[in-house]
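Please report on the local structure of this protein. Cover a strand with its neighbours, a helix with its two sides, and a few backbone details.

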Amino acid sequence: MANVKAPATADHGIGKVAVIGAGTMGHGIAQVAAMASHDTVLCDVDAAQLERALARIETTLDKGVRLGKVAASARDGALARLAGTGGPREAVDGADLVIEAVPEEMALKRRIFAEVEAAAPSGAILATNTSSLSVTEMGAALTAPHRFLGLHFFNPVHIMALVEVVKGNATDPAVVDRCLAFVHGLGKEPIVVADSPGFASSRLGIVLGLEAIRMVEAGVASPEDIDKAMVLGYRHPMGPLRLTDLVGLDVRLGIARYLHESLGSEAFRPPALLERMVAKGRLGKKAGRGFYDWDSRP
């Protein structure tokens, strides 16, 4: 549904936010939550990863101040509201909303939510940032699946406006309404989608990205020219191959495999080129090289 309006009341009752997983998406979600005046705890069992994530948030906010896009007082307030911890139980203590942002592995996510549900307040909303996995299946292991849903943010979180609010089969409509108000409070635009493989955004975006990779594989055009076609011809903010580099080729491959298996459509079969690039460690920007050479960029 397009142009989702915020519920009539702005009182969504969400104060403290806990984010589980301090990777690219997790630290971005924590940043926007803290900027929106929520007391925020970012959690990761990897101490080094957590330290890098907190440092990156500070660096991003400092850059915003230098560019005149963030007030110094807003940066200082966000950093004061942000904390880090290595313990999920400590992170969710007193939380009104818990957002999981760990790698796209169903077993891992279900293990985390079993621990989170046992430790979080009984009224806390539990949300997954998954971009493609079944919200209904993930929530089935919970004792209270009615308070569980998907909140799919986009990278980079502090810039991208869209958030998919994904309803599981058991999700309480009141929980959806509270999360719509929360997302609006972050200054973002939600869409509501039913739980279906790939939801709306991943299902469409993966098809475009995989076809672009097949075009490179077939020698139709260079990655730069394929991307230019979509940017200039269709007004996309960036081309599908550059976006694949930013998301991570390994992440895209995992989603493609899942959608191919779930939907049974050849449109989602991973191209051989994608399989080879991942096997060689050409994972995109995070590895320095994918369809583009990021190490040589300023």
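Buried means under 20% relative accessible area, exposed over 50%, and partly exposed in between (1.4 Å probe, protein chains only). Helices (H or I, at least four residues) and strands (E, at least two) are DSSP runs, numbered from the N terminus. This is a predicted model: local features need pLDDT of at least 70, side-chain atom pairs count only at pLDDT 80 or more, and totals for chains, interfaces and linings use all residues. Residues are numbered from 1 along each chain as its sequence is written, and side-chain values use heavy atoms, with hydrogens and water left out.

**Helix α9**

Helix α9 covers residues 223–234. The expected span of a helix is 1.5 Å times one less than its number of residues. For the 12 residues of α9 that gives 16 Å, and the end C-alpha atoms are 16 Å apart, so the two agree.

Which residues of α9 are buried? They are Pro223, Ile226, Asp227 and Met230. These residues cover an arc of only 95° around the axis, so they sit on the same side of α9. The arc is that of the directions from the helix axis to the C-beta atoms. An α-helix has 3.6 residues a turn, so residues three or four places apart point the same way. On the other side of α9, Leu232 and Gly233 are exposed.

What covers the buried residues of α9? The cover includes α8 (201–217) and α10 (240–247). Contact here means heavy atoms within 4.5 Å.

**Strand β1 and its partners**

Strand β1 spans residues 17–20. Val17 and Val19 point one way from β1, while Ala18 and Ile20 point the other way. All four residues are buried.

Two strands pair if DSSP finds at least two bridges between them. β1 pairs with β2 (residues 40–43) in the parallel sense, over four bridges. Within that pairing, Ala18 stands opposite Val41 in β2. β1 also pairs with β4 (residues 97–100), again in the parallel sense and over four bridges. There, the bridge partner of Val19 is Ile99.

Helix α1 (residues 24–35) completes a right-handed β-α-β unit with β1 and β2. A crossover is right-handed if, with the strands pointing away from the viewer, the path from the first strand over the helix to the second runs clockwise.

**Thr85**

Thr85 is found in strand β3 (residues 82–85). Is Thr85 buried or exposed? Thr85 is buried, with a relative accessible area of 7%. Not counting residues up to four places away in sequence, Thr85 touches Val41, Leu42, Cys43, Asp44, Leu50, Glu90 and Ala91. Val41 is also the residue that stands opposite Ala18.

A polar atom of the Thr85 side chain lies 3.2 Å from the backbone nitrogen of Gly87. A polar contact is a pair of N or O atoms within 3.5 Å; within protein, one must be able to donate a hydrogen and the other to accept it, and residues adjacent in sequence count only if both atoms are side-chain atoms.

**Backbone details in loops**

Two residues that are not glycine have a positive phi.

| Residue | Phi | Loop | Relative accessible area |
|---|---|---|---|
| Ser37 | about 75° | between α1 and β2 | 54%, exposed |
| Arg235 | about 60° | between α9 and α10 | 76%, exposed |

Arg235 follows α9. Elsewhere, a cis peptide bond joins Asn155 and Pro156, with omega about -5°. Pro156 has its place in the loop between β6 (148–152) and β7 (162–167).
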